[in-house]
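Me: I would like to learn how to read the metal sites, ligand contacts and backbone features of a structural model. Please take me through them one at a time.

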Amino acid sequence: MRVKVLGTAAGGGFPQWNCGCALCARCRRGELPPRFHDSVAVSGDGRDWWLLNASPDIRVQWEAASVLAAGPGPRDTPVRGVLLTDAEVDHTLGLAVLRGGADLTVYAASPVHEALTTALPLRGLLDRYAPWRWQDTGAATVPGAGATGCAASAAFPLSGGLTVTFHPVGTKAPKYVAAPAPGLPWVSALRIEDPATGGALLHAPCLATWPDGFDALLASVTCAFIDGTFFSAEELGQAVRSPDAGQSLMGHLPAGGPGGTLARLARHPGLRRLYTHFNNTNPLLDPSSAAAEEVRRAGVEIPADGMELTV
Ligand code: MLT
Ligand code: MN
Ligand code: ZN
């Protein structure tokens, strides 16, 4: 399986348009590389590509990725569709940019599907430009663990030889959904397998907790992209000095500290591990920071936009 990293930043990108924090300022001065919103493209055969999330930067991300270039026919594209981990604005607005694209399929868990039909009604809008297939992957839940038990959905075959399963890992609804019912599986980790090689990728850019079953899910793949939004619970408050940003984690488990994802990922040295969805306040954006050094020493990667992997 080929994996093309299209972007690695959290909502707002890096630098963020309305942020003057130290890291954003250094990025604007050319001292740190800018990053697009997180998204990855995968292909089993190098011809048919599937996007994991559709970011607001999608048009520019596409121009920077020659594997996704249109052709050979005047209206041909190698992109077959989009697999959504959640319904957040930074992962779905790119769908609007794809309007008119023929024959695309969008896969999403039930609450995400519902949000795209009602609160953020992209589905009805897009189907008036070109009819797409909208595949509801269901809402697998585990007795006891509810909507965060990592239980696999049905397996969906993707053109190009890959297979995807959706695994519920979180219940955080997007802010734009008024009065969401509690406990629904809003957030999924995606497991994409290439049966021809045995390679398997896990894409989990949104983890509010380390859910039951997540260690087993990690142990079942050869490569994983993991939520790296924040390194610490304090960084947002320190960077923007806003009282309401004090200890705000906005539904993302930090990388550092005793309960953080880095300590947990250390239990899985056998697979390739990469962080993604970096918030613009995250010291991991600076390769010379102590945090970045700690992550590298643990064998976890901080990927650059544009990087390509074979899984
Ligand atoms: C998140 O990742 O928590 C959301 O995308 C936040 C946002 O609305 O940008
Ligand atoms: Mn986000
Ligand atoms: Zn900033």
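The dialogue below treats the conventions, then the ligands, and then the backbone.

Me: Which conventions apply here?

Reply: This is a predicted model, in which local features need pLDDT of at least 70 and side-chain atom pairs count only at pLDDT 80 or more, while totals for chains, interfaces and linings use all residues. Residues are numbered from 1 along each chain as its sequence is written, chains are lettered from A and ligands numbered from 1 in the order in which they are written, and side-chain values use heavy atoms, with hydrogens and water left out.

Me: How is metal coordination read, and which residues coordinate the zinc ion (ligand 3)?

Reply: Donors are N, O and S atoms within 2.8 Å of the metal (3.2 Å for Na, K and Ca); water is not among the atoms, so sites may look incomplete. In this model the zinc ion (ligand 3) is held by C19 (SG), C21 (SG), C24 (SG) and N280 (OD1), at 2.0 to 2.3 Å. Along the sequence, these donor residues follow the spacing C-x1-C-x2-C-x255-N.

Me: What is the geometry of the site of the zinc ion (ligand 3)?

Reply: Four donors count as tetrahedral if all angles lie between 85 and 135 degrees; four count as square planar and six as octahedral if opposite donors are over 155 degrees apart and all others between 65 and 115; anything else is irregular. The four donor atoms of the zinc ion (ligand 3) make angles of 100 to 118°, and the site is tetrahedral.

Me: Are C21 and C24 buried or exposed?

Reply: Buried means under 20% relative accessible area, exposed over 50%, and partly exposed in between (1.4 Å probe, protein chains only). C21 is buried because its relative accessibility is 5%, and C24 is buried with a relative accessible area of 0%.

Me: Which side chains make polar contacts with the side chain of Q16?

Reply: A polar contact is a pair of N or O atoms within 3.5 Å; within protein, one must be able to donate a hydrogen and the other to accept it, and residues adjacent in sequence count only if both atoms are side-chain atoms. The side chain of Q16 contacts that of N18 at 2.7 Å and that of N280 at 2.9 Å. N280 is also one of the donors to the zinc ion (ligand 3). Q16 is in the loop between β1 (2-7) and α1 (22-28); helices (H or I, at least four residues) and strands (E, at least two) are DSSP runs, numbered from the N terminus. At 19% relative accessibility, Q16 is buried.

Me: Which residues coordinate the manganese ion (ligand 2), and where do they lie in the chain?

Reply: The manganese ion (ligand 2) has D90 (OD) and H277 (NE2) as donors, at 2.1 to 2.2 Å. D90 belongs to helix α3 (residues 89-92) and H277 to the loop between β12 (272-276) and α10 (290-297), so the pair ties together parts that are 187 residues apart in sequence. D90 is buried at 10% relative accessible area, and H277 is buried at 4%.

Me: Which residues surround ligand 1?

Reply: Ligand 1 is surrounded by G11, E88, D90, K172, M250, H252 and H277; a residue is near a molecule or strand if one of its heavy atoms lies within 4 Å of it. Oxygen atoms of ligand 1 lie 2.8 Å from a polar side-chain atom of D90, 2.8 Å from an N or O atom in the side chain of H252, and 3.2 Å from an N or O atom in the side chain of H277. The protein covers 76% of the 270 Å² of accessible area that ligand 1 has on its own; accessible areas come from the Shrake-Rupley method with a 1.4 Å probe, and for residues only the protein chains shown count as cover.

Me: Which backbone features should be checked?

Reply: Most residues other than glycine have a negative phi, and most peptide bonds are trans. The peptide bond from F14 to P15 is cis, with omega near 0°, and P15 is in the loop between β1 and α1. The bond from G71 to P72 is also cis, with omega near 0°, and P72 is in the loop between α2 (58-63) and β4 (79-83).

Me: What are the phi values of N53 and D103?

Reply: N53 has a positive phi near 75° and is buried at 0% relative accessibility. D103 has a positive phi of about 70° and is exposed, with a relative accessible area of 52%.
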